[in-house]
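Subject: Handing over the structure, with notes

Dear colleague,

I am passing the structure on to you with this message, and my notes follow below it. Please read them alongside the sequence and the 3D view.

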Amino acid sequence: MKTKPVKEDPKTPGQILSEKLTFDLKNCWDTIAPEERPKIQEFAEGYKRFLNQGKTEREFVGICLDRLRADGFVSLDTLLDSGNKLQPGDRVYWNIKGKSLVFGVIGRRSPKEGLNILGAHVDSPRIDLKTNPLYEDSGFALFDTHYYGGIKHYQWTAIPLAMHGTVITKEGKNVSLCIGEEEGDPVFTITDLLPHLAQDQMQKKASEFLDGEALNILAGSEPYQDDKVKNRVKLLVLSLFHEQYGIVEEDFAGAEIEFVPTFKSRDLGLDRSMIGGYGHDDRCCAYAVFQALLHAETEVPEKTLICILTDKEEIGSVGNTGAQSRTFENFAAYLCSKTLERYTDIELRRCLEHSVMLCADVNAAYDPNYDSVYDKKTASHLGKGMVLSKYTGRGGKVGGSEANAEFCQKVQGILNKNGIRWQFGDLGKVDKGGGGTIALYVANLGVEVLDCGIPVLSMHSPFEVISKIDLYTTYQGFRAFLQEA
Ligand code: MN
Ligand code: MN
C-alpha cells in the first residue's frame with residue numbers, strides 16, 4: 001500500500017522572510033545526524049581522560065608533548081642550529097619551559113602569506129602554596145596559600161584537594177608531586193565553619209566572609225615522637241616529605257605547588273549530555289585546538305597551521321610562559337628563518353600581519369539560576385554550538401581587542417559553509433563585570449584575531465560544566481578554520 005505524501009501548508013510570505021532574515025539559534029542536539037552521536041561521546045571520553053591527567057599547566061603540556069612526539073613532531077629547538085630547512089608537511093613544536101607550547105605543521109605556501117593559528121590557555125584557577133607554607137597551629141600542620149586566578153574563596157572549602165607540583169631540591173633534583181589523585185592516596189582540604197556557629201559570618205558579604213588569607217590547607221595532625229623538639233606535627237609532615245621525595249623546608253621557597261580538586265571529570269545529567277569537571281577553563285578549548293591540528297584535513301596543508309597553548313592567562317598572561325611574552329613572536333621568527341630562503345625582520349612582520357587566529361577560551365553560558373546578569377540574546381547557551389565573541393573586556397569594552405568586521409564575517413562564512421553551528425557570546429549584561437583573553441596580545445602583533453570558544457557553567461569553580469556537543473562542534477569549527485582560513 002502506498003502512503004500518501006503529507007501535504008504541508010505552503011509557507012506564508014512572513015515565514016519565508018523570517019527564515020531568510022533572522023539568525024536561527026538552534027539546539028545542536030536537534031540538528032545532528034544519528035551517526036554523529038557516538039562520535040560526540042567518543043570525543044568527550046578522550047577529553048575526560050586528558051582532563052583527568054592534566055590538572056596543571058605542566059601536566060597538560062606534558063601529555064600534549066608525549067602525543068606530539070609520538071605523532072612525529074620534532075622540537076624546533078633541535079633544528080635551529082642545523083642547516084636544514086623545514087619542508088611542507090614537517091611537524092614541529094616549541095616547548096616553553098614545560099608550561100606553554102607552540103606547535104604546527106608546515107604548509108606549502110610561504111609563511112609570508114600568513115599562518116592559520118588556534119590558541120587556548122592551559123592554566124586554571126587553583127590554590128597555590130606560599131613560599132614558606134608549612135606551619136603548625138593548635139596541633140595541626142597547615143599549608144599557607146595564595147590563590148591563583150579569580151576564585152570565589154568559599155567555593156574551595158570542604159572539598160578534597162590534591163597536591164600537584166614541581167619542586168627543585170637543594171641537590172638539583174626535579175621532583176614532580178601528585179598526591180591525592182590515585183584511589184587510596186591521602187587528600188587535603190580547607191575547612192569550613194559549621195552553620196551552628198556561623199551566625200556572624202553569615203551576616204557578611206560573600207566577598208568578606210572568607211579572607212584569602214584564611215585559605216589554609218589541612219595537612220596533618222599527628223606529632224612526631226620526640227618531645228625534645230617543638231612543632232612536632234609540622235615535623236612529622238616534613239619528615240614524610242623528606243622520606244618520600246627528598247624535600248626539605250627551604251625547597252618550598254621556589255617550588256610550584258598547586259592544589260586542585262581531586263574530582264575526576266564525569267558525565268553530567270541522566271542523558272550524559274554534559275561533562276562536569278575541574279579546569280574546563282580553558283582545557284576544553286585547549287583539547288579541541290590540540291585535536292583539530294592533530295586531525296587536520298590534509299597531511300600537507302596549504303598554509304602553515306599553528307597551535308598555541310599558553311600559560312598564565314588567569315593572571316593576565318604575564319611572565320615568560322604567558323601570551324604577553326615574546327615567545328610566540330620568537331617561534332614565528334624561528335619558523336620563518338627555517339622555511340624562507342633568506343630571513344629578514346620584514347619577512348617576519350609580513351608573516352605576522354598576514355596571519356589569522358581563533359583565540360579559544362570558554363564563555364560564560366547563560367544560567368537560568370542567575371538570569372539577571374545575562375543578556376539572553378547575546379549570551380552563549382549550553383548546547384548551541386561554538387561561541388564567537390567579537391569583543392571581550394568590561395564596561396565600555398575596555399581591556400579587550402575587538403575583531404574586525406571583515407574577519408568576523410570570514411569566520412562566520414567558513415562555519416556556515418561547513419554546517420557548523422555557532423552562536424553569540426557577549427560576557428553578561430553591560431557594566432555587570434567582564435573579562436579578557438589572550439586575544440589582545442596576539443592582536444598586538446598585527447594578527448587578525450577573533451575570540452571564540454565553548455560555553456561553560458560555574459566558570460572558575462572547582463566543578464565546571466560544559467556540553468559535549470559544544471565541545472565537539474567547536475572542534476569541528478577549528479578543523480574547518482585551519483583548512484579554509
Ligand atoms: Mn579562560
Ligand atoms: Mn578563566
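Which residues coordinate the manganese ion (ligand 1)? His121 (NE2), Asp281 (OD) and Asp361 (OD, listed twice) do so, at 2.1 to 2.6 Å, where donors are N, O and S atoms within 2.8 Å of the metal (3.2 Å for Na, K and Ca) and, since water is not among the atoms, sites may look incomplete.

Before going further, please note that this is a predicted model, in which local features need pLDDT of at least 70 and side-chain atom pairs count only at pLDDT 80 or more, while totals for chains, interfaces and linings use all residues. Residues are numbered from 1 along each chain as its sequence is written, chains are lettered from A and ligands numbered from 1 in the order in which they are written, and side-chain values use heavy atoms, with hydrogens and water left out.

The two manganese ions

In sequence, the donor residues of the manganese ion (ligand 1) follow the spacing H-x159-D-x79-D. His121 lies in strand S4 (residues 115–121) and Asp361 in the loop between strand S15 (356–360) and strand S16 (363–364), so this pair ties together parts that are 240 residues apart in sequence; helices (H or I, at least four residues) and strands (E, at least two) are DSSP runs, numbered from the N terminus. His121 and Asp361 are both buried, a word that stands for under 20% relative accessible area, with exposed for over 50% and partly exposed for what is in between (1.4 Å probe, protein chains only).

The manganese ion (ligand 2) is coordinated at 2.1 to 2.5 Å by Asp281 (OD), Glu314 (OE, listed twice) and His460 (NE2), and its donor residues are spaced D-x32-E-x145-H. Glu314 is found in the loop between strand S14 (304–310) and helix H7 (327–339), and His460 in the loop between strand S22 (455–456) and strand S23 (464–467), so that pair ties together parts that are 146 residues apart in sequence. Glu314 and His460 are both buried. Asp281 bridges the manganese ion (ligand 1) and the manganese ion (ligand 2), which lie 3.3 Å apart.

Strands

Strand S2 (residues 91–96) has 5 of its 6 residues buried, so it is largely enclosed by the rest of the structure. Taking strands as paired if DSSP finds at least two bridges between them, S2 runs parallel to strand S1 (residues 74–75), to which 2 bridges join it, and Val74 stands opposite Val92 in S2. S2 also pairs with strand S3 (residues 100–105), in the antiparallel sense and over 6 bridges, with Ser100 in S3 as the bridge partner of Ile96. The hairpin of S2 and S3 has 3 residues between the strands, and Lys97 takes a positive phi near 55 degrees there.

A second hairpin is formed by S5 and S6, with 2 residues between them, and Ser138 in its turn has a positive phi of about 55 degrees. Strand S5 (residues 126–137) and strand S6 (residues 140–148) are antiparallel and share 8 bridges, and S6 is joined by 3 bridges to strand S10 (residues 217–220), again antiparallel.

Salt bridges and cysteines

The structure holds 33 salt bridges, each being a side-chain nitrogen of Lys or Arg within 4 Å of a carboxyl oxygen of Asp or Glu. One of them joins the side chains of Lys99 and Glu256 (2.9 Å, N to O), and this pair links distant parts of the chain, with Lys99 in the loop between S2 and S3 and Glu256 in strand S11 (residues 256–261), 157 residues apart. Lys99 is buried, with a relative accessible area of 10%, whereas Glu256 is partly exposed at 26%. In another, Glu347 meets Lys112 (3.7 Å, N to O), and here Glu347 belongs to helix H8 (residues 345–353) while Lys112 is in the loop between S3 and S4, 235 residues apart.

If a disulfide is a pair of cysteine sulfur atoms within 2.5 Å, the count comes to 0 disulfides. The closest cysteine sulfur to that of Cys284 is in Cys285, 4.3 Å away, which is too far for a bond. Cys284 counts as buried at 0% relative accessibility, and Cys285 likewise counts as buried at 0%.

With kind regards
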